Amino acid sequence: MKPILEVSDLTGGYLPNQPVIHNLNFSVKESEIVGLIGLNGAGKSTTIKHVLGLMEPMSGSSKILEQTFRDEPENYRSQFTYIPEMPILYEELTLWEHLELTAMAYGLEEQTFLTRVRPLLEEFRMDNKIKWFPNQFSKGMKQKVMILCALLVEPKLYIVDEPFVGLDPLGIQSFLEYMVTFKNSGAGILMSTHILSTAERYCDRFLIMHEGRLVLSGTLEELRERSGLTEATLDEIYLYVARGKVT
Amino acid sequence: MIDVKKLWRKRRNAHLTQTLKYFSLMANSGLIVSLILLIIVGSIYYAKLLKALPENFPAVLILTVLFSFLLTKSAIRTLLKEGDLVFLLPVESGMKQYFSKSLSSAIASGSFITLFVFTLTWPIVQVFITDGWKMYVTFAFFLIAAKVFNLYVAWEERRLPYKSHQMNYKIMRFIVNFVYVYLLFNEAYVFLIAMFAIMYVLKNFVFGVFKKMHGYQWEMLLAEEQTLKMKGYRLVNYFTDVPALKQTVNKRPLLNMLGTFSFKKKNMMSALFMKTFIRSGDYLGLYIRLILIGFLFLYLIPAGWWQLAVVILFFQMLSLQLFTLYTQYRWNVIFNIYPIESNVKITAFMKWLRGLLLIQGLLYGVFYGLLTGDWLIALLMPAASLAYSLLRLPSMTKKHITLSS
């Protein structure tokens, strides 16, 4: 399988000489969901910011389809969409306008937009709210708007940061179904989450971060092998790592 | 147990400090000069206006309406914060002292504003109603008394859980105020005393009952506080940048056409800016106001070539105020990660701003041409806006947007 996202030797942080993440090496390939797991403050969000091209690496690189953000900014960014942990909406725009402008920004044809948007709206039960403004939405509905915008574009890569918080069970189910569908048609998905039982069921591989470093990675089988915990669930392995037992 | 009185004092002091700081910033930005100018120009026109008013000018009616609105309004700053919904809810019963402090300070500022407005209208009263310092004191006393009454009952009114019910009582207060002020300006003191009796009954037996029936409407109080705070910020924002200013959104469906663009990638940014402009808080109002004030200047200042400098000054003011429309996206991740290069975004913003400047210049030109008949200078006004947007705007944008992002 071809790698879509390739992160190599990535080191970075907010202050010079004080890196928050150290020498990260991982990839997201076609047709796989990769779970990014770690405690609060482990460096997941910082890693994601580097992948988004919002932070410049101190050393190493993050490449999408062989290109870095510096090489081809516009091209790099048109390969992925991002679902942030906290929904960020334009207060002045209706739901429909959010979708429309996202489609325009990512260069979709109007016809493509119209054929994709209806089933999405129905699936997430937002089809009767297209004229609503963000101040009328609950937190979960705002999250749905973010998800709809990201799914609408159908990019090669999805970067998803803790998508389940605030989402109702039907919403979670619809979202996961879409993720599986897109995965099966060749997309790669990097998903950061604390909901380990869901991650265990849906992710093909896991990246476990601790204090800015990647301490364990691989499929569940591989994680069990490397941690020496046969039969363990992802929860157990994660707790084991989080308590600093693996270095 | 929290000392709520101390909490109030702390918040009030913080509020006063902030107000003073913003005031000094406003003063630095030329507020004092413009205020003095405004007072001089205003008083000249006020005097002129008074002389020009006809004999049968319905002064009593107009003042009655004015003061009825002023008395009914009764805003109360509670200085509540969002976190209070979580942290102060458990001490609800103890909040009485906190709110009574906020009511007292509302009474102080409300009385001052009433007195101030009454003093402003005093020349009208002198010409059309009555004269003499005794009358000034009497009227001021009755108006302030009514203001205190209104604030007291308006506070109780805020306990009602539905906005529509609050509105009904507000309308009732308006009617009472209208009658009261009307009687006052007709110097019908006997009836006024009767009004006092009615107000006493209202206070104790109508509004006073709410206290027993309802608790505080925390969310509404918080929403009101936020609105009042934002109003203050918006005022300050005319003079200096207020980072805490949250824009309110108005749907303005009639203007939707202006924000409609054909479905192309290159139009995305223009669509975003235009939709924000027509719906977000005060940008549109600011644009219209700047144009109208511009007209006023063109009218007041003697005609001549220097009028071109005046309109360029207004182009500058508009651009400075509208840069915040772009910088408000500074922390929006989604805006930042669109597959659109940042210089393309900024160019789109400048193009959009140029459109507004051209319309502004065109309107000034037409106004000036109709006013003076000097169509050469009139024609140069839109030309100046074009020149301004091509020569000056790029470097300004660089300074205000590129450096801040």
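**A tour of aromatic rings and domains**

Begin by selecting A:F164, a residue that is buried in this predicted model, its relative accessible area being 6%, under the 20% that marks the limit for buried residues. Then add A:F175, which likewise counts as buried, with a relative accessibility of 0%.

With both side chains displayed, turn to how their rings meet: the centres lie 6.2 Å apart and the planes stand at 70°, so the pair is edge-to-face, since an angle over 60 degrees is what that label requires. Colouring by secondary structure helps here, because A:F164 falls in the loop between β6 (157-161) and α6 (169-184) of chain A, whereas A:F175 belongs to helix α6 itself, and the pair thus links parts of the chain that are 11 residues apart. This is one of 56 aromatic pairs counted over all chains.

Next, select A:Y90 and A:Y106 together with residues of chain B, including B:F273, B:F277, B:Y287, B:F323 and B:W352, which are among the members of one aromatic cluster. B:F335 is another member of that cluster, and on selecting B:K345 you will find this lysine over the face of the B:F335 ring, at 4.7 Å from the ring centre.

A second lysine to select in chain B is B:K203, whose charged end sits over the ring of B:Y152, 5.4 Å from the centre of that ring.

Finally, step back to chain B as a whole and colour residues 4-232 as domain 1 and residues 253-402 as domain 2; the C-alpha centres of these two domains of chain B lie 37 Å apart.

How values were computed: Residues numbered from 1 in each chain as written. Chains lettered and ligands numbered in written order. Predicted model: local features only at pLDDT ≥ 70, side-chain atom pairs only at ≥ 80, totals over all residues. Heavy atoms only, no water. Phe/Tyr/Trp six-rings, centres within 6.5 Å; stacked < 30°, edge-to-face > 60°. Helix = DSSP H or I, 4+ residues; strand = E, 2+ residues; numbered from the N terminus. Buried < 20%, exposed > 50% of the residue type's maximum accessible area, 1.4 Å probe, protein only. Lys NZ or Arg CZ within 6 Å of the ring centre and 35° of its normal. Domains from an automatic or database assignment.
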